[in-house]
Amino acid sequence: MASDPGHLVAPVPDAMLELQSVSRFFGGLAAVRNLDMAIGRGSIHGLIGPNGAGKTTVFNLITGATPLSSGSIRMEGREIGHLAPHAINRLGVARTFQNIRLFKGISVFENVRTAGSWRSGYGWIHGLVQGYTFHLREAELHQRTSELLDEFGLAHRAKEPAGALPYGEQRRLEILRALATRPKLLLLDEPAAGLNASETDALMQLVERILEQYELTILVIEHDMRMVMELCDTITVLDLGEKICEGDPAAVRNDPLVIQAYLGRGDTVDASDQ
Amino acid sequence: MAYRPDPVRVYGHWLLAAAGLSLAAAAIGYGIPKVLPTFHLDPLALGLIYAVIALGLNIVNGQAGQFSIGHAAFAGIGAYTAGGLSTMVGPRLFGWGPGMPAQLDSPAAAVFFMASLLAGGLVAALFGYLVGIPTLRLRGDYLAIATLGFGEIMRVVLDNTASLGGPLGMHGIPRFTTYPVIGVALVLTLIVCRNIATSVPGRCFVALREDEIAAESLGIATTRVKVNAMALSAGVAGIGGGLLAHRLGSYMPVDLSWVRSVEFVLMVVLGGSGSITGTVIAAITLGMLPGEMLQLTKWPWLQKLIGNKMVVYSVLLIVMMLVRSLWFKGGWELSFQWMRDSAARLRRRLSRREGPANG
């Protein structure tokens, strides 16, 4: 019932991001096949599924890191399926990575400042001459960066190289760095991976806080079911590249196809999917 | 945004820096030749010119992290362009005889020389741009091999271009690169490199070096930034090449070979990849070395022992590699910020020393 495609897209009237029959093939392998998905403005949308289900590929497709094989992706009604990752980021999509990708060799402060730099409002000439405009824009950039670090408790680490931070703080820094580009849609790829229970709680608070404060829409891949169930408004479940279920946490939790995808099926269950 | 910088302060600092840098250029241009014994002047001049080229390479290799082993070729393109202008166009414009003037004899000639250096830089930058478009899609070793190939192609092309002197290269280039010229060129190069490094374009370079995929996902147009870095880097190297040609008086295809490129890479790597200060120090040290080793003839036994440049090179490399980790850790720069910070540290330490004595 929950996997009936008819009602899957319908209940999202004001979509931030829409995927329409999106597919991605690697050779003969369908990493993602005919995926329809809509993410409501201001919601936290979960993307779950067993290992190899194609979750990260979906992220790579949305952010342009992997080109689409077919289908269309629209951000606020605008087609972004053919754009380069940096162009998509400039339209308001930012992401974190499953295996943290910080600029490890440079300081925490520089990490965040670099991310916000395309919004700095000056270019080569001002950078070379370093007159008043440069100093004004730099001061603004500096202030935005400091505010972000202050607000999320990384100010005391500002001068340390990012690679020297403990794991949990690296995760947090990566989220801050994504926020520095002032996105409308934030994609979090397994933000709780490797965190302990209390760190996960802190992370959930952080996510809820940035959701409100920055008027974000969040799409999150996560294996920590407690976090997914508590945090997400809507959950999409992928298995072997296809959507098998979508709905609110309660519906997803009890869906037989989901249980089957995660736990396998007994002999008594009829092979009636597909 | 509540905070606005004070224009008076900003431009005050700007003028102060400009004055200080002019002074530095004058010190290099007029001070060094007065102070230093004559036999050190030629090696040091080479070292300073190499510093310009190495600073160019540092942009793409040290800051942007794109490994290029073709910068002798970019320097060579600049050298052949500027040298060609001086030997082929200059005589017609200024009636320079076959012996060429020993120095710049008129303001017009000085402007022409500057223009030809710039032209050398621009042509090299254009080559950097054109080479960058296809090759910068490659990473790591592959990019290194591609740029190496480009350098060798340029060398072979020049070897076989009779109008540019073939394997004998370009001769009789007027020796216009005097100390004042070097001083101005080096200071200008330093300003460009420093200002790029401390502003958004330079930060994009570093982001590229640190993690290309993350940089791209954060709105940095990595392909364009890379090509820009390559063009800028090649341009600076080209200007350095022009200076070198007008110092040496000749330039040969051999000077474009990969061996020379590797020497520039060494300067950048020893300087602590990305550090402007380190690159300059390493370039001056390595650049002066061959010239300074001529002094060894005074002590024949020592010359026998370490008379080969390569012996000293390798020892120096090992030592600098060991010391480097102490010296240039964390991209240390001799910057205004560093000077302020260390002054503050020194004050703190002094006051602390007074503290226990009082209490």
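What follows is a short chat about chain B and its contact with chain A in a predicted model.

Visitor: What is this model, and how are residues and chains labelled?
Guide: It is predicted: local features need pLDDT of at least 70, side-chain atom pairs count only at pLDDT 80 or more, and totals for chains, interfaces and linings use all residues. Residues are numbered from 1 along each chain as its sequence is written, while chains are lettered from A and ligands numbered from 1 in the order in which they are written.

Visitor: How many helices and strands in chain B?
Guide: Chain B has 14 helices and zero strands; these are DSSP runs, helices being H or I of at least four residues and strands E of at least two, numbered from the N terminus.

Visitor: What share of chain B is buried?
Guide: Of its 359 residues, 45% are buried, meaning 20 or more other C-beta atoms, placed from the backbone, lie within 10 Å of the residue's own.

Visitor: Switching to the interface, how many residues does each chain give to the contact?
Guide: Chain A gives 34 residues and chain B gives 28, with contact meaning C-beta atoms, placed from the backbone, within 7 Å.

Visitor: Which element gives the largest share on the side of chain A?
Guide: That is α6(A), with seven residues.

Visitor: And how do the residues on that side divide?
Guide: The side of chain A that touches chain B has 14 nonpolar, 13 polar and seven charged residues. Nonpolar covers Ala, Val, Leu, Ile, Met, Phe, Trp, Tyr, Cys and Pro, charged covers Asp, Glu, Lys and Arg, and the others, Gly among them, are polar.

Visitor: Back to chain B, what box do its C-alpha atoms fill?
Guide: Roughly 80 × 55 × 50 Å, taken along the principal axes.

Note on methods. Buried ≥ 20, exposed ≤ 12 C-beta atoms within 10 Å, placed from the backbone. Contact = placed C-beta atoms within 7 Å.
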